[in-house]
Amino acid sequence: MTATTPQPAAASSAARAESPRRVVVVGFGPVAARFVDELRPAAAAGAVELTVVGEEEHAAYNRVLVADLGVGRTSLAAMSLADADELAADGVRVITGRRVARIDRSRRRVLLSDATALPYDRVVLATGARAVVPNLTGLNPDPFHPVLPEGVTAMRDVSDAARLAEAVRGRRHVVVLGGGVLGLEAALAASEEGATVTVVHHGDRPLGRSIDRIGGGSLSAALRRQGVRVAGNARSTGIETGPDGAFRALLLEDGSAIDGDLLLLACGARPRRELAEGGGLAVDAGIIVDHSLRALHTEHVFAIGDCAQVRCADPVCAECTADGRGGAPSGLIAPGWRQADWLAAQFRHDLLGEPRPAPLAPEKPGVILLKARGVNLALAGNVAVEPWDMDPLEDSCSPAPLRVAVWTDPEHGAYVKMATRGGVLEGFVALGMPRAAAELTLLFESGGELPADRSVILRLDGPEAALGGVSGASAGPDAILCRCAGVTHGQVADSVAGGCSTVQEVSKATRAGTGCGGCRDEVRELIERHFASVAA
Amino acid sequence: MSTATHCPYCALQCAMSLAPASAGAGGAAVPGGALPAPVGTTPAPLDVDGRDFPTNRGGLCRKGWTSAELLRHPDRVTEPLLRGEDGHFRPVSWEQALERVAHEVRAAQASHGADAVGVFGGGGLTNEKAYLLGKFARLALRTSRIDYNGRFCMSSAAAAGNRAFGIDRGLPFPVEDLDTADTILLLGSNVAETMPPFVAHLAGAREAGGLVVVDPRRSTTAALTADGAGIHLAPAPHTDLILLLGLAHVVINDGLLDHDYVAERTEGLESLIRSVAPWWPERVQAATGVPAVLVRETAARLARSARTGSCYILTGRGIEQHADGTDTVTAAINLALLLGLPGSERGGYGTLTGQGNGQGGREHGQKSDQLPGYRKITDPAARDHVARVWGVPAESIPGPGLPAVELLASLGKDGGVRCLFVHGANVVVSAPDVSAVREGLRALDFLVVCDFFMSETAREADLVLPVLQWAEEEGTMTNLEGRVLRRRRAIEPPAGSRSELWIMNRLAELLEAPSDFPDDPRAVFEELRAASAGGLADYSGVTYERLDAGEALHWPCPEGSDGTPRLFADRFAHPDGRARLVAVRASSPLPGAGPEAGAFQLATGRLLEHYQSGAQTRRVEALSAAQPEVRLSLHPAPAARLGITDGAWVRVRRQPATAAAGGARQGTQPEPVVLARAELTADIRPDTVFLPFHFPGLAAANQVTEQRTDPISGMPEFKTPRVFVEPAVVDPGIDEPTLDRLLPPGTLVPAPREERP
């Protein structure tokens with residue numbers, strides 16, 4: 001790196017508008033990469049010294065596709081989200097394969113595990129989340145130093161993917177613990193690519209609280225149809241290992257065991273907040289930040305993505321409670337990317353004088369789209385409500401009651417539920433209806449109003465409307481037969497009656513069929529019908 | 001005795017023959033001669049017939065069949081018309097007219113400088129006229145202020161093509177190559193309406209089940225995918241770019257990439273990979289409304305064809321006429337490059353040029369930043385070459401001017417254009433935000449319009465100069481394949497009409513211009529050959545003789561060559577011969593907050609029966625009878641919510657009614673609105689409405705489009721992200737045919753009508 005020696009921060013720490021010359025980003029996952037990318041213009045312009053520190057050897061890659069990598073559907077190169085050399089060319093300092101040991105806020109330095117000190121004017125924490133290791137006998141419960149036995153893996157990074165890859169290649173038996181999105185996606189992918197897969201989840205349905213009862217039942221059926229075994233209402237208590245110390249079976253509360261070669265832990269993720277905690281920052285589920293993504297009670301520390309919890313100091317702030325999770329990270333990538341974009345725009349404003357970005361809109365509950373080939377599922381929002389349920393708000397102040405429309409067709413694996421208030425979706429489930437799912441996703445995201453006739457949505461997956469719809473047999477003489485030339489059925493019929501016996505002759509006489517040619521078959525039919533009736 | 005020429009309208013340039021009108025209605029030699037005689041009152045002086053040619057194979061559409069009806073149309077302007085101080089037009093002699101123009105040019109330039117005179121050209125002009133217009137602007141008018149309506153048409157595709165391939169030719173292959181395709185991805189193009197004979201070239205792909213049409217409407221073209229002929233993808237408007245990024249994502253992640261091709265023939269793969277990595281199919285679904293499964297299926301289909309059959313990707317104005325149009329076309333080109341298509345024998349990428357000479361018209365100097373031969377006006381070597389051909393010092397050629405939207409925005413303003421020439425364009429119908437354009441035209445000191453009808457723009461003129469129609473002139477056109485075609489004279493023009501070449505010749509003399517301004521098309525073409533020699537669009541090997549002998553010549557065609565039907569076989573036009581994969585990004589797809597109730601996305605487009613601003617086709621009775629008025633396509637579901645029935649009048653506006661009322665109270669400008677009849681159809685997304693843009697006045701879709709442009713190409717945003725639709729109460733006393741000529745009430749008083757003895 002050729003940048004000049006960092007200048008000591010001259011301005012007083014109280015001056016908010018000071019130019020943040022030195023920005024250190026902790027973490028180099030998808031959200032950090034997006035932030036760095038957005039700040040690159042400032043780095044290239046020499047307005048900022050930007051450093052990014054990642055624990056993995058690899059530059060940022062698309063974590064969403066880790067399961068796909070694990071089943072051999074994609075390559076690490078194709079998942080790349082950042083290139084260290086390219087960033088370096090713009091003056092960004094990229095440090096990979098090293099841990100951040102702690103943040104020394106009093107001296108404004110980030111200390112790496114090898115004792116390197118990185119002074120900062122602003123530090124952005126994008127440490128992400130780590131897989132939850134459930135409390136099972138045989139697994140080390142220490143969340144910070146998980147040493148998993150052979151044959152047990154999470155599904156968050158490239159090394160996890162490598163473990164899954166081995167099992168899939170060997171067409172082995174994979175036990176997926178957890179019926180959440182990640183678990184189902186990994187299970188379906190591994191099963192489709194040749195592994196034997198059992199999903200173990202507690203509760204009576206996969207996706208637990210996110211989905212309603214009928215939807216969950218339909219989903220279980222869909223999973224089974226895809227060849228995935230589903231063990232519901234199962235409480236696991238421990239794992240059994242073989243003499244080599246490797247995973248052999250998952251033990252359940254009822255005394256039974258599920259044998260397998262690989263146990264894939266899909267029990268959720270927890271924000272990695274220990275650095276912030278060590279630095280004395282306020283944490284709850286994640287690192288608590290205000291609406292400008294600044295860690296509470298700090299000047300120079302920011303957090304974005306899966307490690308950040310947006311909950312401002314105002315205890316009655318409506319925005320902070322709107323999502324029903326108290327601002328805890330959703331685990332979805334889109335909100336993190338929006339935060340990265342916004343914070344980078346804010347920094348560019350401070351550094352380059354670009355326009356100040358509009359306040360970051362509060363996140364709405366995200367849409368869950370199951371990333372799978374054999375099962376098409378989208379769902380979002382409040383789907384627990386059933387068609388005849390009493391809306392708790394109906395009697396009080398809400399002018400528009402919650403309304404629910406449902407379509408279910410278990411035989412063909414189709415299920416749609418639309419919960420609306422004033423025609424606007426508050427929640428939906430769409431299973432086995434891809435076009436309806438896509439449309440509902442869009443409507444949920446945009447807040448657009450649904451057609452009053454809800455079946456319009458269902459019909460998107462029906463057979464396509466026939467073109468024109470009017471066949472020669474039933475069309476009146478004034479109906480247009482050839483749009484390109486504006487010729488009616490009557491004119492064509494007259495020409496045939498007048499002696500035209502081939503399509504070419506009719507075309508010559510009437511111009512029908514001389515444009516796109518799409519009506520020539522119909523002309524031929526008319527001719528044949530005419531001569532058939534003459535012959536008869 | 002018939003004349004072999006081509007249709008006056010679109011870029012397919014269907015071959016036709018013109019013969020003096022026979023006594024009867026034509027077609028008498030054929031049994032059952034039931035030729036639908038033009039219902040009109042205007043007898044056509046020529047009989048039109050389709051002529052066999054690779055593009056149209058003897059076919060024509062309704063517009064072409066009826067084109068000769070305009071030759072002797074009673075509306076035709078046949079003598080120069082000057083607006084008097086009383087606001088009325090009166091005929092004047094050509095001498096008076098041209099003296100007046102020269103006087104106004106000198107006056108404007110004396111008080112406001114050379115750039116106070118501007119020229120607005122058209123993509124329908126012959127190569128000769130387009131070339132001479134650029135030369136006329138720069139040498140006779142000495143202005144940099146020239147641009148043309150192709151900016152509204154091809155500019156995004158052109159910019160993207162130049163960026164990726166180093167050259168911009170609409171189809172870099174003959175159109176018949178499409179016949180063998182088993183997959184064609186057609187994005188934002190409604191060819192079944194805009195160039196019907198083209199549809200025959202989709203037959204092979206349809207038979208193979210491989211026609212993939214991307215359009216938010218189930219357009220006539222999208223409906224061609226029915227019955228197993230292909231797939232219709234209907235992304236929400238403004239999400240085409242995301243869909244294309246998603247297709248590229250699947251190609252890369254599912255190992256569908258043509259590795260050898262990409263390694264040998266392209267640059268930029270790594271950053272491209274990173275740019276599409278965030279767009280996995282499910283995320284694409286969330287942003288576009290296109291099911292993830294169809295994104296995967298489409299990508300797989302394209303890749304399969306690219307490997308084992310033949311696969312083409314074609315774009316049209318639907319994805320190009322956006323403020324991110326260049327990036328969207330770039331994403332389509334990237335997809336084609338990842339699949340190894342451009343320059344291969346297994347397919348390619350192309351854009352479907354719209355206007356008759358939309359290709360040639362963008363190559364020879366009508367563009368604000370261009371000199372003949374598709375040369376850059378800022379390139380010293382290019383300037384030297386052209387200056388040599390013109391016999392002038394290079395420094396006398398002005399620098400780059402302003403792209404169309406900026407040029408129009410400068411009309412009548414300080415430092416802007418005060419005196420404007422319009423050739424082959426009808427900007428008060430076709431430009432974005434037409435109310436503002438009309439205001440600009442009215443703020444000019446002098447407006448000269450060359451046209452053969454009193455188009456809506458001509459009505460705003462101070463002087464209208466009557467020019468020739470297609471069948472009355474000689475010249476060349478370059479069709480959507482980059483093939484140069486001969487346009488031939490079949491009939492004498494009216495006595496008072498003149499060719500634009502003649503007008504420029506006379507004016508150049510009056511303005512004491514350097515260099516020559518021949519009025520003979522062949523002489524102009526000879527000069528164009530020399531001026532284009534060595535440029536990207538090299539015409540030096542094309543001659544009238546070769547064309548008349550029936551040779552198929554596609555540019556680049558340097559002297560002594562037989563032209564280039566297929567580009568990129570060995571190399572792309574960048575110095576290193578490689579194509580560029582340019583990483584592009586979609587602007588924030590999910591705004592988070594929902595739109596206001598009642599807001600729609602507006603798409604604008606075309607009808608089979610009309611061409612461009614409709615100045616010609618609205619005058620053909622059969623066409624006008626079939627599509628007499630503007631209709632707003634609206635889904636029945638939102639229509640029911642808004643209380644709008646089929647056939648009811650509706651108002652389309654940029655703001656909801658309440659906001660508009662507030663604005664009107666304080667503001668000075670009345671809000672532009674479109675008045676249209678509603679046409680309820682389930683073939684459009686419920687969040688989208690569609691207006692054809694062929695109609696004027698209150699019926700002009702461009703009343704509600706915006707002046708926002710693409711930062712790279714200058715293409716306006718013609719697909720307005722947000723409009724409001726409401727039922728309109730129409731005074732039953734107003735007779736409906738005149739409704740569309742009404743202007744927004746308040747300020748925009750209709751221009752006085754022409755009154756002639």
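**Notebook: sheets, hairpins, helices and the A–B contact**

I began with chain B, where an open sheet of three strands runs in the order E1-E2-E3 with antiparallel pairing. Strand E1 (3-6) and strand E3 (46-50) of chain B are at the edges with a single partner strand each, so one side of each has no neighbour in the sheet. I noted an average twist of 35 degrees from one strand to the next. The model is a predicted one, and I read every entry here with that in mind.

Next I looked at the pairing inside this sheet. Strand E2 (residues 15-20) of chain B is joined to E3(B) by five bridges in the antiparallel sense. For a register point I took B:Leu18, which stands opposite B:Val48 in E3(B).

I stayed in chain B for a helix pair. I recorded that the axes of helix H7 (residues 240-253) and helix H13 (residues 325-338) of chain B come within 9 Å and cross at roughly 20 degrees. With angles under 35 degrees counted as roughly parallel, H7(B) is therefore roughly parallel to H13(B). I entered the crossing of H7(B) and H13(B) as left-handed.

I then listed the residues in that contact. On the H7(B) side they include B:Leu241, B:Leu244, B:Leu245, B:Ala248 and B:Ile252. On the H13(B) side I found, among them, B:Thr328, B:Ala331, B:Asn334, B:Leu335 and B:Leu338. By class, the contact of H7(B) with H13(B) has eleven nonpolar, two polar and two charged residues.

I moved to chain A and counted 14 helices and 27 strands. Its C-alpha trace spans about 100 × 65 × 55 Å along the principal axes. I compared the radius of gyration with the globule rule: chain A has 30 Å, while a compact globule of 536 residues would have a value near 24 Å.

In chain A I looked up an open sheet of five strands, ordered E21-E22-E25-E24-E23 and paired antiparallel. Strand E21 (367-369) and strand E23 (402-409) of chain A are its edge strands, each pairing on one side only. Neighbouring strands of the sheet are turned by 15 degrees against each other on average, direction ignored.

Within this sheet I checked strand E24 (residues 414-421) and strand E25 (residues 424-431) of chain A, which run antiparallel and are joined by seven bridges. A:Met418 has A:Phe428 in E25(A) as its bridge partner. I also found helix H6 (residues 213-225) of chain A lying across strand E22 (377-381), E23, E24 and E25, at about 25 degrees to E25(A).

I followed two hairpins in chain A. Strand E13 (residues 236-241) and strand E14 (residues 247-252) of chain A pair antiparallel over five bridges, and A:Gly238 stands opposite A:Leu251. Five residues lie between E13(A) and E14(A), and A:Gly245 in the turn has a positive phi of about 85 degrees.

E14(A) is also joined by three bridges to strand E15 (residues 257-259) of chain A, again antiparallel. There A:Leu251 has A:Ala257 as its bridge partner. This hairpin has four residues between the strands, and A:Gly255 takes a positive phi near 90 degrees.

Last, I examined the contact of the two chains, which takes 64 residues from chain A and 54 residues from chain B. Elements of chain A that each supply at least two residues include helix H9 (333-352), E21 and helix H12 (489-497). I noted that H10(A) gives the most to the side of chain A that touches chain B, with nine residues. By class, that side of chain A has 28 nonpolar, 18 polar and 18 charged residues.

Key. Residues numbered from 1 in each chain as written. Chains lettered and ligands numbered in written order. Predicted model: local features only at pLDDT ≥ 70, side-chain atom pairs only at ≥ 80, totals over all residues. Axes fitted to C-alpha atoms, helices over the stretch in contact; angles between N-to-C directions. Parallel < 35°, antiparallel > 145°, perpendicular 65-115°, else oblique. Left-handed = near helix turned anticlockwise from the far one by under 90°. Contact = placed C-beta atoms within 7 Å. Nonpolar A, V, L, I, M, F, W, Y, C, P; charged D, E, K, R; others polar. Pairing = 2+ DSSP bridges. Rg over C-alpha atoms; globule rule 2.2 N^0.38 Å.
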